[in-house]
Amino acid sequence: MRDRFSTGVVCVLAVLLAALLTGCTRSAAGGESDKGPTATASLSPSATRASGFGAVFLAVDECSSFGKASFTEVPCSGERAAARVVARHDGTTADGPPCPATTDFVLHISEQSQISDEDGDGAVPQGYACMRNLQPPHPGDPGGGGGPRTIVGDCVYGSGSGQVRETACDGRGARKPQYKVVKAVTARSRCPLSTALYVQLGGPQPVGCARPL
């Protein structure tokens, strides 16, 4: 097109040229997607993003929609918002910092390469988001019967082979509680004499002292 015009009419009106440039700009903008970030998951939730509300997909204080197997990043003020990000880390939960004690669940974000994203690098790094439900119930609360961490105030039951699993202290879970974690210490020797079970907690005080119920 540029070669044809250069050999034809030499005098091109400035107004026409400006109109053509404006038309090109609008056409490029019209091709952008206005879809929000989307995420998919299998047994361990993983996320991908088309675009987002910030430089990081599911950054701290951003919200996700309902569902852990399929979810999207949504405005926290919207009716689709279900949980808020209370902590966000790169890498895996095995290598990274633990989530806050009262985290309700964790979303594992798989590494993805995208054509475009908010920070312009075209990639979503592997990471995980520690989530807190916007409304009760909160399984991550002490005695709530769930959450990614066992903390002081939680109840457990023996699941065989020397293993224990968390359950609600109020007995409303599928299994009745048998022990309650009453203290977190650095070593077993620091547990109270009434301790009947030691529970692995992780963190700076990795030993949970549990008494029978």
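## Strand pairing around S9

Two strands count as paired if DSSP finds at least two bridges between them. With that cut-off in hand, let's look at strand S9 in this predicted model. S9 covers residues 155–160, and strand S11 covers residues 179–185. The two are joined by 2 bridges and pair in the antiparallel sense, so they meet the requirement of at least two bridges.

S9 also has a partner in strand S10, residues 163–167. Here 5 bridges hold the antiparallel pair together. S9 and S10 form a hairpin with 2 residues between the strands, and in that hairpin Ser161 takes a positive phi near 55°. If you are checking backbone torsions, Ser161 is the residue to find for that positive phi.

## Cys155 and its two opposite residues

Cys155 is a handy place to see both pairings. Looking towards S10, Cys155 stands opposite Thr167. Looking towards S11, Cys155 stands opposite Lys180. As general background for viewing such strands, side chains in a regular strand alternate between the two faces of the sheet.

## Salt bridges and their exposure

How many salt bridges does the structure hold? There are 4, and it is worth walking through some of them with the accessibility of each partner alongside.

One of them joins the side chains of Asp90 and Arg88, at 3.8 Å from N to O. A salt bridge needs a nitrogen within 4 Å of a carboxyl oxygen, so the Asp90 and Arg88 contact qualifies. Are these partners buried or exposed? Asp90 is exposed, because its relative accessible area is 55%, whereas Arg88 is buried, with a relative accessible area of 15%.

Another links the side chains of Asp170 and Arg172, at 2.6 Å from N to O. Arg172 counts as exposed because its relative accessibility is 72%, while Asp170, at 45%, counts as partly exposed.

## A shared network

Salt bridges with shared partners also join Asp104, Arg132 and Asp141 into one network. Within this group, the side chains of Arg132 and Asp141 meet at 2.7 Å, N to O. Arg132 is partly exposed, with a relative accessible area of 22%, and Asp141 is partly exposed too, at 24%. Buried would require a value under 20%, so Arg132, at 22%, does not count as buried.

Methods: Residues numbered from 1 in each chain as written. Predicted model: local features only at pLDDT ≥ 70, side-chain atom pairs only at ≥ 80, totals over all residues. Heavy atoms only, no water. Helix = DSSP H or I, 4+ residues; strand = E, 2+ residues; numbered from the N terminus. Buried < 20%, exposed > 50% of the residue type's maximum accessible area, 1.4 Å probe, protein only.
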